[in-house]
Amino acid sequence: METIAVLGAGIMGAGIARVFGRAGLDVRVFDVRAEAAATAAESAGGSAHSSVAAAVDGATIVLEAAPERLELKRDLIAVVEAANAEALIASNTSSIAADALAAGMREPERLVIAHFFNPADTVPLVEVVPGPATPRASVDRMVALLEACGKTAVPLAQQVEGFIANRLQAALYREAMHLVELGVATPEQVDLAVTAGLGPRWALAGPFEVMDLGGLDVWTSVADHLFPTLGDASAAPAMLRERAERGDLGAKTGAGFLPREADASARFAARLRALLAARSR
Ligand SMILES: NC(=O)c1ccc[n+]([C@@H]2O[C@H](COP(=O)([O-])OP(=O)(O)OC[C@H]3O[C@@H](n4cnc5c(N)ncnc54)[C@H](O)[C@@H]3O)[C@@H](O)[C@H]2O)c1
């Protein structure tokens, strides 16, 4: 049975620790903020540690969920390598390339990316991505562990910016903002087209299954007609950048694209849990 050390107990690390704890695994948690480590360890049924070395001692898998800064992650991984010569080192990075992380390592073959989605203990998907030197067996081991913990693991053959899900999401968001900037629809109307149309369908069938169900002759015509008309922005559109620059950051500041309640993030997580529970029945 694997022994897991989770390094970084913020939004993602705390949820990741719960995934492993609920599966009955021995979970150790370290965070530079001792109270964050203690809270996450308690909710995972694990133990909090006061140093990286203590947390990873005897661990077979180390999962780092520290802030998304290359130098910080490299330094942290160097401490792990010095303290534990065996464990597979998994990073929850969203955007740092595996080869950039591996470049600073003594043994780059120990690195794998395990990309969870927020809230980590609720959304089933975890993308598992090899670094340039990661053996296939390590990807398979990570996939097996995640599936034993009830997650849906999708291994990629090689690294790519944004992995699968964030690339798909970015393509949709680019078009969503393009439609609003054209004046075709409001943000509320675009969201409704997703939540009342595409979203329910996507909970059951991904794009390739939807194309198969619709007919590939139809989708060839759709692609020929629509692709030339789609937005092709190569940087953040003005409607996004301007809000961010004036501090309208969405749920965390109370103003974004849509009016929202103060507890929007917590309410969203609760509704998502209810939806996934209904889907698995
Ligand atoms: N938030 C998301 O939606 C999301 C989704 C997928 C992946 N990620 C990735 O997960 C990682 C963590 O993101 P987050 O949103 O949980 O950030 P966060 O800021 O909520 O948590 C980071 C935690 O790391 C701690 N920390 C800082 N320096 C540390 C160190 N040297 N050693 C150990 N802990 C340290 C912080 O105290 C904090 O508790 C990032 O790589 C991020 O890109 C985030």
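Helix 1 gives the shell around the ligand its largest share, 3 residues, where helices (H or I, at least four residues) and strands (E, at least two) are DSSP runs numbered from the N terminus. The structure is a predicted model, in which local features need pLDDT of at least 70 and side-chain atom pairs count only at pLDDT 80 or more, whereas totals for chains, interfaces and linings use all residues. Residues are numbered from 1 along each chain as its sequence is written.

**The ligand shell**

In all, 23 residues surround the ligand, and the closest are Gly8, Gly10, Met12, Glu68 and Asn118; a residue is near the molecule if its C-beta atom, placed from the backbone, lies within 6 Å of it. Helix 1 (11-22) and helix 4 (70-83) each supply at least two residues of this shell. By residue class, the shell divides into 13 nonpolar, 7 polar and 3 charged residues, with Ala, Val, Leu, Ile, Met, Phe, Trp, Tyr, Cys and Pro counted as nonpolar, Asp, Glu, Lys and Arg as charged, and the others, Gly among them, as polar.

**The sheet**

An open sheet is formed by 8 strands in the order 3-2-1-4-5-6-7-8, with mixed pairing; two strands pair if DSSP finds at least two bridges between them. Strand 3 (47-48) and strand 8 stand at the edges with a single partner strand each, so one side of each is left without a neighbour in the sheet. Strands of a sheet pair through backbone hydrogen bonds, either parallel or antiparallel. The table sets out three of the pairings, each with a pair of residues that stand opposite one another.

| Strands | Sense | Bridges | Opposite residues |
|---|---|---|---|
| 5 (residues 88-91) and 6 | parallel | 3 bridges | Ile89 and Leu111 |
| 6 (residues 111-116) and 7 | antiparallel | 5 bridges | His115 and Glu127 |
| 7 and 8 (residues 152-155) | parallel | 4 bridges | Val126 and Ala153 |

Of the 6 residues of strand 7 (residues 125-130), 5 are buried, so this strand is largely enclosed by the rest of the structure; a residue is buried if 20 or more other C-beta atoms, placed from the backbone, lie within 10 Å of its own. Strand 7 also belongs, together with helix 6 (residues 136-148) and strand 8, to a right-handed β-α-β unit, meaning that, with the strands pointing away from the viewer, the path from the first strand over the helix to the second runs clockwise.

**Domains**

The protein chain is assigned domain 1 (3-155) and domain 2 (165-246), with bounds that come from an automatic or database domain assignment. The C-alpha centres of domain 1 and domain 2 lie 32 Å apart.

Notes
A residue is buried if 20 or more other C-beta atoms lie within 10 Å of its own, exposed if 12 or fewer, and partly exposed in between; C-beta atoms are placed from the backbone.
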